[in-house]
Amino acid sequence: TLGGGNLTITQSGTTPSFTNTGTLEIGAGRTCTVTSGAFDNAVGGTLRGSGTLSVSATTFTSPGNVSPGMSPGILSITGPLPLDSTSIVSIELGGATAGTGYDRLAVSGAASLGGVLSVSLIGGFVPTPGQSFQVMTFASRSGGFANITGLSLGGGLSLEPRFSGTDVMLVTVGQRGALIAEGITGNPVELTN
């Protein structure tokens with residue numbers, strides 16, 4: 001847990017690498033910088049918090065979990081975000097404002113999406129129709145999520161994912177007929193009445 005200060009990971013040797021298989025928690029206003037080698041947020045590993053992970057000077061991979069905030073918050077990544085089929089990005093929605101009401105993953109570089117986007121409501125929050133949440137930002141995007149969970153809100157409402165080249169938005173809509181969520185690889189997700 002980086003709650004009291006910043007951390008710099010400097011690696012040396014022929015093929016230096018750092019693998020996270022536990023939980024790397026970066027507190028608000030704190031930075032974890034990896035300056036060389038490879039950094040792997042492995043399957044079973046979790047990156048979380050409201051600080052900054054700086055991986056622009058390393059080879060970064062993230063087949064594990066990424067969970068912005070501390071219910072809720074904004075986790076910033078300086079550098080790319082390479083997700084794959086085992087990756088899980090967990091987003092909590094508990095209000096209308098990014099960082100204090102809902103989670104955001106802010107990536108300064110390219111995001112390669114894959115795996116699962118898992119959305120959950122916290123604190124009894126129920127979004128209203130038309131309300132939107134910018135849950136991810138990035139410089140550019142490739143790929144999509146194989147699955148998105150937590151889109152059905154009950155009461156005739158659902159979240160509709162909208163993907164652009166620079167962000168992922170979740171928009172609250174009333175369920176109507178069949179709604180196809182774009183930006184998801186594999187078979188599209190259909191929401192029906």
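Nine strands form an open sheet in this predicted model, in the order β1-β4-β7-β10-β13-β16-β21-β20-β19 and with mixed pairing. At its edges stand β1 (7-9) and β19 (152-154); each has a single partner strand, so one side of each is left without a neighbour in the sheet. If you follow the sheet across, the twist averages 20° from one strand to the next.

Let's walk along that order and stop at a few pairs. Strand β7 (residues 52-54) and β10 run parallel, and 3 bridges join them. One residue pair to look for here is Thr52 with its bridge partner in β10, Ser76. Further along the order, strand β13 (residues 104-107) meets strand β16 (residues 132-137), again in parallel, through 2 bridges. Here Ala106 stands opposite Thr137 of β16. The direction changes at the next pair: β16 and strand β21 (residues 167-174) run antiparallel, with 5 bridges between them. Within this pairing, Gln134 has Met169 in β21 as its bridge partner. Both senses of pairing rest on a shared principle, since strands of a sheet pair through backbone hydrogen bonds, either parallel or antiparallel.

There is also an open sheet of 3 strands, with the order β2-β5-β8 and parallel pairing. Its edge strands are β2 (17-20) and β8 (59-61), each of which pairs on one side only. From one strand to the next, the twist in this sheet averages 10°. Between β2 and strand β5 (residues 38-41) there are 4 bridges in the parallel sense, and Phe18 has Phe39 in β5 as its bridge partner.

With those sheets in view, the overall make-up of the chain is easy to state: it has 23 strands and 0 helices. Of its 193 residues, 46% are buried. Many contacts reach far along the sequence: among those between residues at least 6 apart, 55% join residues at least 24 apart. On the outside, the accessible surface comes to about 8100 Å², and carbon and sulfur atoms account for 50% of it.

What fills the inside? The largest nonpolar core has 39 residues, and the members that touch the most others are Leu53, Leu93, Leu105, Val135, Met136 and Phe145. This fits a familiar pattern: in soluble globular proteins, nonpolar side chains tend to be buried together. Leu105 is a good residue to centre your view on. Leaving aside neighbours within four places in sequence, Leu105 is in contact with Val66, Pro68, Leu75, Ile77, Leu81, Val89, Val135, Met136 and Thr137. Two of the residues on that list, Val135 and Met136, are themselves among the core members that touch the most others.

Now turn to the loops, beginning with Gly51, which lies between β6 (46-49) and β7. Is this loop residue buried or exposed? Gly51 counts as buried because its relative accessibility is 3%, under the 20% cut-off. Its surroundings come from distant parts of the sequence: not counting residues up to four places away, Gly51 touches Ile26, Gly27, Ala28, Gly29 and Arg30, as well as Ile74, Leu75 and Ser76. The C-alpha atoms of Gly51 and Ile77 lie 8.7 Å apart, although 26 residues separate the two in sequence.

The loop between β9 (65-68) and β10 (74-78) holds Pro72, and Ser71 belongs to the loop between β9 and β10 as well. What kind of peptide bond joins Ser71 and Pro72? The bond is cis, with omega about -15°. Ser71 has another backbone feature to check, a phi near 65°, which is a positive value in a residue other than glycine. With a relative accessibility of 46%, Ser71 counts as partly exposed, because this value falls between the 20% and 50% cut-offs.

Finally, a word on confidence. The chain averages a pLDDT of 88, and 86% of the residues score at least 70. Over residues 177-183 the pLDDT is below 50, and this stretch has 22 contacts in the model beyond near neighbours in sequence. Residues 186-193 also have a pLDDT below 50, with 20 contacts beyond near neighbours in sequence. Where pLDDT is low, the predicted coordinates should not be read in detail.

Methods. Residues numbered from 1 in each chain as written. Predicted model: local features only at pLDDT ≥ 70, side-chain atom pairs only at ≥ 80, totals over all residues. Heavy atoms only, no water. Buried < 20%, exposed > 50% of the residue type's maximum accessible area, 1.4 Å probe, protein only. Pairing = 2+ DSSP bridges. Axes fitted to C-alpha atoms, helices over the stretch in contact; angles between N-to-C directions. pLDDT = per-residue confidence, 0-100. Contact = heavy atoms within 4.5 Å. Areas by Shrake-Rupley, 256 points an atom, 1.4 Å probe, with all protein chains shown as cover. Core = buried A, V, L, I, M, F, W, Y, C linked by side-chain atoms within 4.5 Å.
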